[in-house]
Amino acid sequence: MASLARNFTIRNVLLAGILLMLAGDFMFALNDAMGKWLVASFSVGQVVLIRSIGAFFVLGPMIANQGASKLFQMERPVLQLLRVVATTLDTGLFYAAVVYLPLADVMSFYMAGPIYVAALSHLLLGEKVGWRRWLAILVGFCGVLIILKPSSAAFSLSSTYALIGSIAFGFAIILGRRLRGTSDTTLVTWQTIGTLIVGGAFTIGAWRATSALDFGAMLLLGVVSCAAHLMITRALKLAPASTLAPLHYSLLLWAVVFGLVFFGDVPSPRILVGSAIVVFAGMFIFHRQKVVETVVPPENVPKGVN
């Protein structure tokens, strides 16, 4: 009887983790759609600045609970700074890309996050990557090239933003793995401060008066992003990352839906084919990590760039 009760509890905990992951992904996709709507009327710097301020509505109570002094008790300050730079690039370039590209196109680049992480883990962390995963990495890069379509006629600055931003996202994940001893509150607070400073710098000479509705929407952007991050963080504490990781590709589905409903964007066959290759390669990498009994750290799960 005790064994049945324990199994029932485990199933409920796993279900809670799965539901939180799906809800967090939906929130991230909603955040991305809101961001695309806002950067159509305001500069990327202004959106990022006010968004960062909004995030402190969520972070404020967390900082108070942890203690502000702990924000300065950081391991490896240089790596902390590099992570802030990477996450700031990740966020800023994402919004710069969606100014001109459909959500699904930009998100397709970011879905390659696990592929970049697998490659960078070998190069920067010395982690062993078998030939099967190297093959999946190469296939995934082929998918990225299909999405990018690197020709003189089709190569665009916005595609470059998305590509560089997604690579910065991969570096941020690797740095996060090196900084596991730092609390989520500290990590998220400093990366938010980084985006706030850079957003403020880029608003100089580009500030546009906002209505109460627009200002509120930008603040809400930060709240939604932080809430999504917290949902996914909690999900990863309730269920194995290898179970949750494939669910994160629902972001691409929501990007297609929101792009179609709100912006009338229909993904081209090239984007769909490239995305399918990237998702297949990413899921195979997660599968091989599970097979070889390599624990998939929480940071390996691709989160929204925001």
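1. Does Thr 88 count as buried or exposed? Thr 88 counts as buried because its relative accessibility is 13%, where buried means under 20% relative accessible area, exposed over 50% and partly exposed in between (1.4 Å probe, protein chains only). The residue sits in helix H3, residues 77-98; helices (H or I, at least four residues) and strands (E, at least two) are DSSP runs, numbered from the N terminus. Not counting residues up to four places away in sequence, Thr 88 touches Gln 191, Gly 194, Thr 195 and Val 198, a contact being heavy atoms within 4.5 Å.

2. On the basis of the model: this is a predicted model, in which local features need pLDDT of at least 70 and side-chain atom pairs count only at pLDDT 80 or more, while totals for chains, interfaces and linings use all residues. Residues are numbered from 1 along each chain as its sequence is written, and side-chain values use heavy atoms, with hydrogens and water left out.

3. On confidence: the protein chain has a mean pLDDT of 81, and 84% of its residues reach 70 or more; pLDDT is the predictor's confidence in each residue, from 0 to 100. Confidence is highest in helix H2 (residues 44-66), at a mean of 92, and lowest in helix H10 (residues 241-244), at 64. Over residues 293-306 the pLDDT is below 50, and this stretch has 49 contacts in the model beyond near neighbours in sequence.

4. On the overall architecture: the protein chain contains 12 helices and zero strands. Of its 306 residues, 49% are buried. Among contacts between residues at least 6 apart in sequence, 89% join residues at least 24 apart. The accessible surface comes to about 14,200 Å², and 72% of this belongs to carbon and sulfur atoms; accessible areas come from the Shrake-Rupley method with a 1.4 Å probe, and for residues only the protein chains shown count as cover.

5. On Asp 105: this residue is found in helix H4, residues 103-110. Asp 105 is buried yet has no salt bridge, and the nearest side chain of opposite charge, Arg 270, is 5.2 Å away. A salt bridge is a side-chain nitrogen of Lys or Arg within 4 Å of a carboxyl oxygen of Asp or Glu; Lys and Arg count as positive and Asp and Glu as negative, with His and the chain ends not counted. Leaving aside neighbours within four places in sequence, Asp 105 is in contact with Ile 147 and Ile 271.

6. On the two methionines: Met 21 lies in helix H1, residues 2-39, and is buried because its relative accessible area is 0%. Met 21 and Ser 250 are 229 residues apart in sequence and 9.8 Å apart in space, C-alpha to C-alpha. Met 283, in helix H12, counts as partly exposed because its relative accessibility is 37%. Outside its neighbours within four places in sequence, Met 283 is in contact with Pro 246 and Tyr 249.

7. On the surface: Leu 253, Val 257, Leu 260, Val 261, Phe 262 and Val 266 make a nonpolar surface patch of about 600 Å². Patches are made of residues with over 30% relative accessible area and no salt bridge, with like charges joined within 9 Å and nonpolar side chains (Val, Leu, Ile, Met, Phe, Trp, Tyr) within 5 Å. Val 266 lies in the loop between helix H11 (250-263) and helix H12 (269-291), and counts as exposed because its relative accessibility is 64%.
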